[in-house]
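Welcome to this tour! Open your viewer, get ready to select residues by number, and follow along one stop at a time.

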Amino acid sequence: MKKEVSKRRYNFFWLDKTLMLLALVVLLIANIVTKPEQNNYKNMQKEKDKVTQESGIQSTPTLPQNKNQKEDIYINLLRKNKNRIERISLEEYVIGVVAAEMPAEFNLEALKAQTVASRTYAARKIVGKALHKGYEEKKVYLCDDFSHCQAYIDKDEMKRRWGKNFEKYYKKIRMAVEETKGQVLVYKGQVIDSLFHAASGGRTEDAKEVFKEEIPYLKSVVSRGEESCPKFSGEFYFTYNDLLKRLKKYFPGLKVNTQNISSQIKVVERTATQRVKTVKIGNTILSGNQFRSIFGLYSTEFWLYPDRRGLRIQTRGYGHGLGMSQWGANHLARQGKNYKQILLYYYQNVKICRLKYK
């Protein structure tokens, strides 16, 4: 009996040992299989972080958002000509702006650059709570008037503008918006004033010449390949009667010797980029911007040629000349530059960041 009990104990002892060894082997195998997966995750995360750093995309100030909106923000857009307010997503708004502001035929990378610039313009207004005058109660930040905000067109207007090319162009612009979703330009943690224009005339303007103060990201740069812009150069002619009539509307105290008007019209000062700072007419001095606005000139880079009957004016460039040149951006894109390189060329010392939604 004792021998049989001892034999049973002996058998149980080795059974326990065997089971323990098997359990240990299973644990080792499980650990070996799990560890590479953890390592792979860490490696993937490191690679993801590396890509993010290389792209230069970081976090930036947050935009307000409703609880049920996870990936976008909705805005109230004033449609001035239609006399109504439309509620649309920020990204849909950007599609409409790019369609209105830049030729759809442009290179995709140029369209992407315009997308980021246009989104930045909108984000600055929203983050800064710069409500549209007269529409504060309705929380309107933006309108479709290019002289006040940015130009904007909806799908119906795109169809009328592009005709049979609507599907192709809409898809192209939508791609530009989706591939840059949420990206804006930031300087020292603040969304910048991302000004842009059609063509600079060969060199963009320094903001100090316009705003009387330094803006580190709006510096003058060479801008090539703009000559294809339809209004790159222009010529205007005004009789002296028309000239004085327009000027006296804004400057009632204007006095000019009508016997010798031609000698009383001259450019007093130019900027380093040859844009007109001041013009003197008779006893009145006005800025280049005022002169441009009164006579509907393409830019402030102009030259005056008075004759016996009137004043001939030649212009170069189209727009205010600050920030990104759209035709210059397209030229850079055709040279192989991507949208980030284009943006970082025209907007100095900035970073491309991704918006966070609250």
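**Stop 1: the start of a helix.** Select Asp 154 and Asp 156, at the start of helix H4. A side-chain oxygen of Asp 154 comes within 3.2 Å of the backbone nitrogen of Asp 156. Keep in mind as you look around that this model is predicted.

**Stop 2: along H4.** Now select residues 155-162, which make up H4. Which residues of this helix are buried? Colour Glu 157, Met 158 and Trp 162, and you have them. Turn the view until you look down the helix axis: these three span an arc of only 115° around the axis, so they sit on the same side of H4.

**Stop 3: the neighbours of H4.** What do the buried residues of H4 pack against? Show strand S2 (74-79), helix H2 (90-101) and helix H5 (166-178), and you will see their packing partners.

**Stop 4: just past the helix.** Step along to Gly 163, just after H4. If your viewer displays backbone angles, look at phi here: Gly 163 has a positive value of about 60°.

**Stop 5: a loop.** Next, select Ala 130. You will find this residue in the loop that runs between helix H3 (108-127) and strand S4 (140-143). Is Ala 130 buried or exposed? The answer lies in between: its relative accessible area is 34%, so Ala 130 counts as partly exposed. Add Lys 125 and Tyr 141 to your selection; apart from neighbours within four places in sequence, these are the residues that Ala 130 contacts. Try the distance tool on the C-alpha atoms of Ala 130 and Tyr 141: they are 6.2 Å apart, although 11 residues separate the two along the chain.

**Stop 6: the whole chain.** Zoom out and switch to a cartoon view. The protein chain contains 10 helices and 15 strands. Of its 358 residues, 44% count as buried. Among contacts in the chain with a separation of 6 or more, 67% join residues 24 or more positions apart. Switch on the surface, too: about 21,100 Å² is exposed, with 51% of it supplied by carbon and sulfur atoms.

**Stop 7: colour by confidence.** Finally, colour the chain by pLDDT. The average is 85, and 80% of the residues score at least 70. Select residues 1-10, where pLDDT is below 50; this stretch has zero contacts in the model beyond near neighbours in sequence. Then select residues 25-56, where pLDDT also stays under 50. How many contacts does the model have for residues 25-56 beyond four places in sequence? There are three.

Terms used. Residues numbered from 1 in each chain as written. Heavy atoms only, no water. Helix = DSSP H or I, 4+ residues; strand = E, 2+ residues; numbered from the N terminus. Buried < 20%, exposed > 50% of the residue type's maximum accessible area, 1.4 Å probe, protein only. Contact = heavy atoms within 4.5 Å. Areas by Shrake-Rupley, 256 points an atom, 1.4 Å probe, with all protein chains shown as cover. pLDDT = per-residue confidence, 0-100. Arc of directions from axis to C-beta. Polar contact = N/O pair within 3.5 Å; in protein donor to acceptor, adjacent residues only side chain to side chain.
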